[in-house]
Amino acid sequence: MKVTRLLRLPDQALLATDLPKSPTLMKKVHARLSARYVSALRAHLGEKHPGNGDRAQGLGRAALARGLVMRDLITMHHRAVTLLSSWYMLADRGDSSVKRSEFFLAQAIIPLETAQRDLLEANRHLRERNETLRLHTAALAKGNQLLQHEVTRRKAGELVIKKGQEKYRTLFMESHVMGKKLRQLTHQIISAQEDERKEISRELHDEVVQTLVGINVELAALGKGTSVGLQTLKEKIARTQRLVEHSVNAVHRFARELRPAVLDDLGLIPALHAYSKSLSERKKINIRMTAFGGVEALGTAKRVVLYRVAQEALTNVARHAHATQVRMSITEISGAIRMEISDNGKSFPVKKTLLAKNNKRLGLVGMRERVEMVGGKLVIESAPGKGTIVRAEIPFIHAKTKN
């Protein structure tokens, strides 16, 4: 079979030949390019002196323009070789037509290879830019994080300052209220002192002074009555002695109310017994007392506080409650000594009384202040039909036994 004979075949004969069907080559544009490729390859194989490959590179550029890749072009070449193999000895690797065919393919894929290298280079630059962008983004994120941290820190600082200002305003208002309460309490203390002095003055005048006047009258009568009988003299002396005894008892009572000597000499329990007995006899109130002996281990200041609380509570019962029964107990609880005084008398509004601006019951405030001064707490409960309970708790720790 001669090559020159085959070269006279018309292009239409080749174009009319059935090509293997493929999804890519079934497209109209690809079909045209495939026909051009077959025609160009046939012309290349039929030339005695093949060109420099411009024709093949032109097809490669056309394939690239149509979006084909190297695989598509190789597939197109294989299909063209298959089509032309019946006219050319392309199955024989030693035939020059095979080498020409391979040269044609190599030239056709040059534009695709160049484009692929450019694409790879562009991808490399894009990756480098992406990496730079990633680093910049990371640096920006870190900067934003630091900025956010700084904003958070400043906001926290502003919040602390704001809280400090609010706390300062609160403390200022509390100090203002405390100052007002202190002035009010000072006025109440001064008023209470004046009332106490008036009462002591009245008691001294009504009891001690009048008794002493009576004694003076009796003594004067004794001095003038030289002719008085022995029996009458004895009666006047006895009456005078009773007056003296009454005065002594009154003075002792005043002394006990101001500062009982028995509290310093014998202790808290005897002092409370003595005061309860005296009050019970004068006001006709039944007072029952039970006490924990270890209370005497308290310091002097704490024992005085308990005595004053009991004294004020019992005085209030006698003056205001109109009670007939009073129970006083001193017990030991965990870490403290508890003194509780309860009565069956009239109740009163505790909170309203303590918060009243013109509080006449200064003793209640004084009790609370005394107890809190030694680290204790005072609770007053009062309810209709149940009387009043005054409960004071003073810190108490047993002394460790020495070996």
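This passage describes the aromatic pairs of a predicted model and a nonpolar patch on its surface.

Two aromatic pairs were identified in the structure. One of them is formed by Tyr37 and Phe104, whose ring centres lie 5.2 Å apart. The planes of these two rings meet at 80°, and the arrangement is therefore classed as edge-to-face, a term applied to angles over 60 degrees. Tyr37 belongs to helix H3 (residues 28-46), whereas Phe104 belongs to helix H6 (residues 96-108). Because the two residues are 67 residues apart in sequence, their pairing ties together separate parts of the chain. Both Tyr37 and Phe104 are buried.

The other pair consists of Tyr275 and Tyr307. Here the distance from centre to centre is 6.2 Å, and the angle between the planes is 70°, so that this pair is also edge-to-face. Tyr275 is located in helix H10 (residues 268-283) and Tyr307 in helix H11 (residues 300-321). With these positions 32 residues apart in the numbering, the pair links distant parts of the chain. The relative accessible area of Tyr275 is 7%, and that of Tyr307 is 2%. Tyr275 is therefore counted as buried, since its value falls under 20%; Tyr307 is buried for the corresponding reason.

Aromatic side chains also occur at the surface. Tyr168, Phe172 and Met173 form a nonpolar patch there, and together they contribute about 380 Å² of accessible area. Within this patch, Phe172 is placed in helix H7, which comprises residues 110-224.

How values were computed:
Residues numbered from 1 in each chain as written. Heavy atoms only, no water. Patch = residues over 30% accessible without salt bridge, like charges linked within 9 Å, V, L, I, M, F, W, Y side chains within 5 Å. Areas by Shrake-Rupley, 256 points an atom, 1.4 Å probe, with all protein chains shown as cover. Salt bridge = Lys/Arg side-chain N within 4 Å of Asp/Glu carboxyl O. Helix = DSSP H or I, 4+ residues; strand = E, 2+ residues; numbered from the N terminus. Phe/Tyr/Trp six-rings, centres within 6.5 Å; stacked < 30°, edge-to-face > 60°. Buried < 20%, exposed > 50% of the residue type's maximum accessible area, 1.4 Å probe, protein only.
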